[in-house]
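Q: Please take a close look at a single part of this structure, the first strand pairing and what surrounds it in the chain. I would like one connected account that gives the cut-offs behind each term.

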Amino acid sequence: MFSSDHLRYFLELSRHGRLNEASRALGVDHTTVGRKVTSLERLAGQRLFDRTSSGWRLTEAGQRLVGYAETVESTLIAAFEDQTSRVGSLRGSVRIAAPDGFGAFVLTPNLATLRRLHPDLSVELVTATEHHTASAREFDIAITLEQPGPRLVSSRKLATYALRLYATAEYLDNHPTIAKRDDLREHTLIWYVGALLDVAPLRILDSILPPEGRAQIQTNNITGHWLAAQNGLGIAPLPTYIGEPDKNLICVLPESFSIEGTYWVAVPKELTGLARVKAVDDLLNDVVHNAVHLSPAT
């Protein structure tokens with residue numbers, strides 16, 4: 001007999017494309033996933049997946065079923081949330097994924113507002129500046145540096161920000177004068193570890209250095225960039241919401257160097273109606289509108 005349980009296995013396999021990955025997400029053996037999906041195909045009277053050497057790929061019939069399955073999943077999740085939350089307050093947990101800069105310097109200081117409104121809601125904030133953070137879908141709501149693909153998540157622009165160069169006065173006083181971009185060749189630059197950087201909007205060194213250039217101080221998070229610059233190690237590209245409030249840092253080449261970036265909000269389609277997701281989304285909107293160095297998306 002057909003049940004929502006069949007759809008749960010079908011959805012995870014459609015999202016991961018491999019039995020082993022779907023089984024890990026579901027917490028069952030991979031043979032169970034294959035058996036459930038095969039059973040669903042028999043009940044539907046048609047193949048929902050093509051089995052290929054590279055994984056399980058949705059057929060046209062399978063693609064049509066995804067939307068219906070996500071609606072069922074969303075309804076069940078919302079019903080559970082409604083039954084386990086008090087009126088006016090939310091329970092359970094919400095997982096937020098965010099780039100390390102936005103998560104640490106923008107969102108974390110404002111989580112107190114969410115806690116006051118919903119003291120029984122547990123908040124998990126996962127910060128990482130990686131492309132797969134959003135594609136993995138292991139979150140309830142995510143802030144990303146790139147627009148996510150539309151198949152699995154609903155997304156919108158959240159805000160724009162400016163990236164500028166910063167260093168301490170002591171560093172600048174003890175190193176060659178910087179009057180133009182070419183002068184940066186004589187200075188120590190601080191940036192991400194190139195081999196680990198898979199986020200296209202952050203591949204900006206070509207706009208600072210010649211093609212053969214590289215950052216001499218590399219660390220895989222922006223807090224490290226900030227601390228390195230703050231301690232006089234060199235010059236770091238930082239979002240203005242980090243660099244400008246820091247009285248120990250001076251903006252370098254303020255008239256000729258500024259790169260604009262965009263933050264996006266992404267929510268798995270089956271979670272868009274959840275109250276806890278809406279609560280975080282409302283908080284994000286308020287934070288951006290009140291932030292001095294962020295511009296709300298139009």
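A: Strand β1 (residues 49–52) and strand β2 (residues 55–58) run antiparallel and are joined by four bridges, where strands are DSSP runs of E with at least two residues, helices are runs of H or I with at least four, and both are numbered from the N terminus; two strands count as paired if DSSP finds at least two bridges between them. The two strands form a hairpin with two residues between them, and Thr52 stands opposite Gly55 in β2. This is a predicted model, in which local features need pLDDT of at least 70 and side-chain atom pairs count only at pLDDT 80 or more, whereas totals for chains, interfaces and linings use all residues. Residues are numbered from 1 along each chain as its sequence is written, and side-chain values use heavy atoms, with hydrogens and water left out.

The hairpin also carries aromatic side chains: a search of the whole structure finds six aromatic pairs, and Phe49 and Trp56 form one that is edge-to-face, at 5.8 Å centre to centre and 70° between the planes. Rings of Phe, Tyr and Trp (its six-membered ring) pair if their centres lie within 6.5 Å, and planes under 30 degrees apart count as stacked, over 60 as edge-to-face and the rest as tilted. Phe49 counts as buried because its relative accessibility is 0%, and Trp56 is likewise buried, with a relative accessible area of 15%; buried means under 20% relative accessible area, exposed over 50%, and partly exposed in between (1.4 Å probe, protein chains only).

Phe10 joins Phe49 and Trp56 in one aromatic cluster, and Phe10 is among the buried residues of α1, which also include Leu7, Tyr9, Leu11 and Leu13. Helix α1 (residues 4–16) has 13 residues and reaches 19 Å from its first C-alpha to its last, close to the 18 Å expected at 1.5 Å a residue, the expected span being 1.5 Å times one less than the number of residues. Just after α1, Gly17 takes a positive phi of about 80°.

Helix α2 (residues 19–26) and helix α3 (residues 30–44) have axes that come within 8 Å and cross at roughly 100°. The contact is made by Leu19, Asn20, Ala22, Ser23 and Leu26 of α2 and by His30, Val33 and Gly34 of α3, with contact meaning heavy atoms within 4.5 Å.

Conventions
Axes are lines fitted to C-alpha atoms, for helices over the stretch in contact, and angles run from 0 to 180 degrees between N-to-C directions.
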